[in-house]
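Here's a quick tour for anyone opening this model for the first time. We'll start with the ligand and its surroundings, then look at a few spots in the backbone.

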Amino acid sequence: MSQTKSHYASFRSIGAYVPEKILSNADLEKMVDTTDEWIVKRTGISERHIAAQDEVTSDMGAKAAQLAIERAALNNDEIDLVLCATVTPDYFNMPSTACIISDKLGIRNVQAFDISAACSGFVYLLSIAKAFIESGMKKNVLVIGAEKFSSIVDYTDRSTCILFGDGAGAAVISATDNAEEGFIDVHASADGSYADFLVTPAPGAINPVSQKVIDEGLNFVQMKGNETFKLAVKTLTKDVKEILEKNEIASDDIPHFIPHQANYRIIKAVGDALKMREEQVVLTVGKYGNTSAASIPMAINDIWESGRLQSGELMLLDTFGGGLTWASALLPFAGKSK
Ligand code: UT7
């Protein structure tokens with residue numbers, strides 16, 4: 001028996017912020033032993049944006065969030081929950097970046113917190129926003145994925161420094177009585193037995209700041225790239241198949257497949273396994289690199305700003321990241337077309 005809900009969660013608006021400075025493959029050629037040809041062939045990335053020295057995660061998150069609130073035609077004081085997904089918070093570990101963003105936006109006396117789910121963070125937030133809204137607890141939830149990933153990248157490590165970029169994306173998720181506008185499904189999961197695939201060893205309870213942390217560069221991201229790659233392809237494909245089958249939707253009927261932007265070859269392998277046509281698959285990895293929790297909302301913003309994403313159209317989101325975590329979502333874009 002299908003359950004009738006009195007509140008549905010709807011995706012009302014999107015916004016993003018991309019820092020000005022570009023770090024190109026040619027720049028990286030001067031920093032580590034790599035080539036533009038290798039990077040493009042193995043990852044599809046040509047350039048990524050890097051935040052200014054005095055520009056932090058909350059600055060980028062606040063800019064993306066302000067745009068999303070305006071595009072939802074709301075005032076900042078109508079937001080009743082602020083959620084931020086990031087693995088590069090302003091502070092390890094308090095106050096949360098969500099609290100700082102709330103303050104920058106003048107949103108006060110409202111629940112605000114961060115989550116840590118790495119690249120899956122934004123889709124994890126959609127599941128949390130959905131639960132808060134469907135339970136009737138909140139009406140307008142601001143969800144933000146923001147990363148200053150350059151703050152945890154070792155720019156002498158060619159296996160990671162070519163991949164990551166900085167940026168932020170945000171959306172407003174609002175309650176609606178109209179089932180047509182509501183999320184169809186969100187699925188989020190994790191397997192901590194793969195924790196060592198992607199890890200920032202310090203600072204934390206295991207490695208508090210010490211001379212050893214500095215000497216061994218334990219504050220930088222470490223990744224088992226090839227193992228992560230293979231698991232990503234397998235997990236993303238399985239996850240999408242499951243959410244489509246469960247909701248009886250054919251991959252052909254998805255106008256916008258928006259996967260996490262980590263590597264073009266991962267996206268291509270997943271798209272091919274799902275028999276997606278090229279025009280269904282959204283690709284921004286070439287110009288932004290991997291921006292972790294910001295990657296999916298930045299990609300949604302790109303297709304909205306270019307007029308490709310229209311009101312009412314279906315989006316399929318699919319993501320994978322450190323933890324390991326993964327998540328997928330099937331939902332209509334319930335905001336206005338540009
Ligand atoms: O967002 C969270 C999820 N993250 C991901 O999904 C990332 C997944 N992983 C990847 O995208 C890929 O594994 C990488 C792009 C990181 C690496 O590509 P790969 O095809 O898996 O290469 P590999 O690690 O197996 O390395 C192949 C070779 C090695 O040389 P040898 O041992 O064959 O001589 C590396 O040392 O490529 C070398 N290499 C490089 N060469 C030039 C590694 N990085 C570079 C580089 N430039 N930047």
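## Around the ligand

In this predicted model, the ligand is surrounded by 23 residues, and the closest of them are Thr34, Arg42, Asn226, Asn263 and Asn290. Sort that shell by class and you get 10 nonpolar, 9 polar and 4 charged residues.

Where in the fold does the shell come from? Both domain 1 (8-179) and domain 2 (185-332) pitch in, each with at least three residues.

## Polar contacts and cover

Let's zoom in on some individual atoms. Thr34 has an N or O atom in its side chain that is 2.7 Å from a nitrogen atom of the ligand. Oxygen atoms of the ligand get partners too: a polar side-chain atom of Arg158 lies 2.9 Å from one oxygen atom, and for His260 a polar side-chain atom also lies 2.9 Å from an oxygen atom of the ligand.

How much of the ligand does the protein cover? On its own the ligand has 960 Å² of accessible area, and the protein covers 72% of that.

## The pocket and its helices

If you go looking for the largest pocket, you'll find it in the space taken by the ligand. Four elements each give two or more residues to the shell there: α2 (36-43), α6 (158-161), α8 (225-246) and α9 (264-273). The largest share belongs to α8, with 4 residues.

## Backbone spots to check out

Now for the backbone. As a rule, most peptide bonds are trans, and most residues other than glycine have a negative phi. Here are some places that go the other way.

Ala202 and Pro203 are joined by a cis peptide bond, with omega at about 0°. You'll find Pro203 in the loop that runs between β9 (198-199) and α7 (211-216). Another cis bond links Gly323 to Leu324, this time with omega at about -10°. Leu324 has its place in the loop between β12 (314-321) and β13 (325-332).

Which residue other than glycine has a positive phi near 55°? That's Ala73, and to spot Ala73, follow the loop between α3 (57-71) and β4 (81-85).

How values were computed:
Residues numbered from 1 in each chain as written. Predicted model: local features only at pLDDT ≥ 70, side-chain atom pairs only at ≥ 80, totals over all residues. Heavy atoms only, no water. Near = heavy atom within 4 Å. Polar contact = N/O pair within 3.5 Å; in protein donor to acceptor, adjacent residues only side chain to side chain. Areas by Shrake-Rupley, 256 points an atom, 1.4 Å probe, with all protein chains shown as cover. 1 Å grid on protein atoms, 1.4 Å probe; cavity = no way out; pocket = protein on both sides within 12 Å on 5 of 7 lines; lining within 4 Å. Sits in = over half its atoms within 2 Å of the grid points. Nonpolar A, V, L, I, M, F, W, Y, C, P; charged D, E, K, R; others polar. Domains from an automatic or database assignment.
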